[in-house]
Amino acid sequence: MTPLYCPQCRSGLVRVPVQGREREQCPACGHTVFHNPAPVVLALVEHEGHLVLIRRGLDPLAGYWAPPGGYVETGESVEDAVIREAREETGLDVAVDGLVGVYSRADVRVVLAAYRAHSTGGVPLAGDDAAGICLVAPGQLPVQPPPRTGMPIDEWFWGVIEEVTAPWRWERQPRARVAQR
Ligand SMILES: [Zn+2]
């Protein structure tokens, strides 16, 4: 992850204290390399009264059920990324409803923003790096054990998934179910 050469002039970088922290700096041109976490989105998509989860095909947490999500790309807003990732991984067109929360940890190199969204079209179908898809009724959230890899990102991401999907762990109020009939 750490570049060896200056991205400006290709000279070799050295580690020096800059503004109270060890950073890579170029002795030739003075360029300092800053490390910034990458922005990631998670989409809590409601489709016909169900929460849409995908089975993750890639690490972190490959094989776990999780809301669709991925990296925000240059040229799109965070909300655009929610819509794009939901479309790629679930086949659903979605509209963004609002921010659930922003999650980060010092030893994890991403900052995650979770959004609520609802489907506006399309048919649920696992795509891109999703290995499966499921529609979770209220109270039917899959129980998933915490990872035992010892990797900070796995442990952290599992906790984020648990937290953002928590509203789906319980059945809705009886009154709401009667109203749906
Ligand atoms: Zn340089």
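Strand β4 (38-47) is largely enclosed by the rest of the structure, because seven of its 10 residues are buried. A residue is called buried if 20 or more other C-beta atoms lie within 10 Å of its own, exposed if 12 or fewer, and partly exposed in between, with the C-beta atoms placed from the backbone. Strands (E, at least two residues) and helices (H or I, at least four residues) are DSSP runs, numbered from the N terminus. The model is a predicted one, in which local features need pLDDT of at least 70 and side-chain atom pairs count only at pLDDT 80 or more, while totals for chains, interfaces and linings use all residues. Residues are numbered from 1 along each chain as its sequence is written.

Strand β4 pairs with β9, β7 and β5; two strands pair if DSSP finds at least two bridges between them. The pairing of β4 with β9 is parallel and runs over nine bridges, with leucine 44 opposite arginine 116 of β9. With strand β7 (residues 69-71), β4 pairs in the antiparallel sense over three bridges, and valine 41 stands opposite glycine 70 in β7. The pairing of β4 with β5 is also antiparallel, over two bridges, and places glutamate 46 opposite leucine 51 in β5. These two strands, β4 and β5, form a hairpin with two residues between them. In the turn of this hairpin, glutamate 48 has a positive phi of about 50 degrees.

Helix α2 (residues 152-165) has 14 residues, for which a rise of 1.5 Å a residue gives an expected span of 20 Å; its end C-alpha atoms are 20 Å apart, which agrees. The expected span is 1.5 Å times one less than the number of residues in the helix. Buried residues of α2 are Phe157, Val160, Ile161, Val164 and Thr165. They cover an arc of only 110 degrees around the axis, which puts them on the same side of α2. The arc is that of the directions from the helix axis to the C-beta atoms. The cover over these buried residues includes β4, β5 (50-56), β6 (65-66), β8 (92-103) and β9 (110-122).

Tryptophan 156 also belongs to helix α2. This residue has 19 C-beta neighbours inside 10 Å and therefore counts as partly exposed. Two residues are in contact if their C-beta atoms, placed from the backbone, lie within 7 Å. Leaving aside neighbours within four places in sequence, tryptophan 156 is in contact with Arg105 and Val108. Its C-alpha atom is separated by 9.7 Å from that of proline 146, a residue 10 residues apart from it along the chain.

Glycine 101 lies in strand β8. With 12 other C-beta atoms within 10 Å, glycine 101 is exposed. Not counting residues up to four places away in sequence, glycine 101 touches Ala114 and Val164; Val164 is one of the buried residues of α2. The C-alpha atoms of glycine 101 and alanine 113, which are 12 residues apart along the chain, are separated by 5.9 Å.

An open sheet of three strands has the order β1-β2-β3, with antiparallel pairing. Its edge strands are β1 (14-18) and β3 (32-33), each of which pairs on one side only. Strand β2 (residues 21-25) pairs with β3 over two bridges, and glutamine 25 of this sheet stands opposite threonine 32 in β3.

By an automatic or database domain assignment, the protein is divided into domain 1 (1-35) and domain 2 (38-169). The C-alpha centres of domain 1 and domain 2 lie 35 Å apart.
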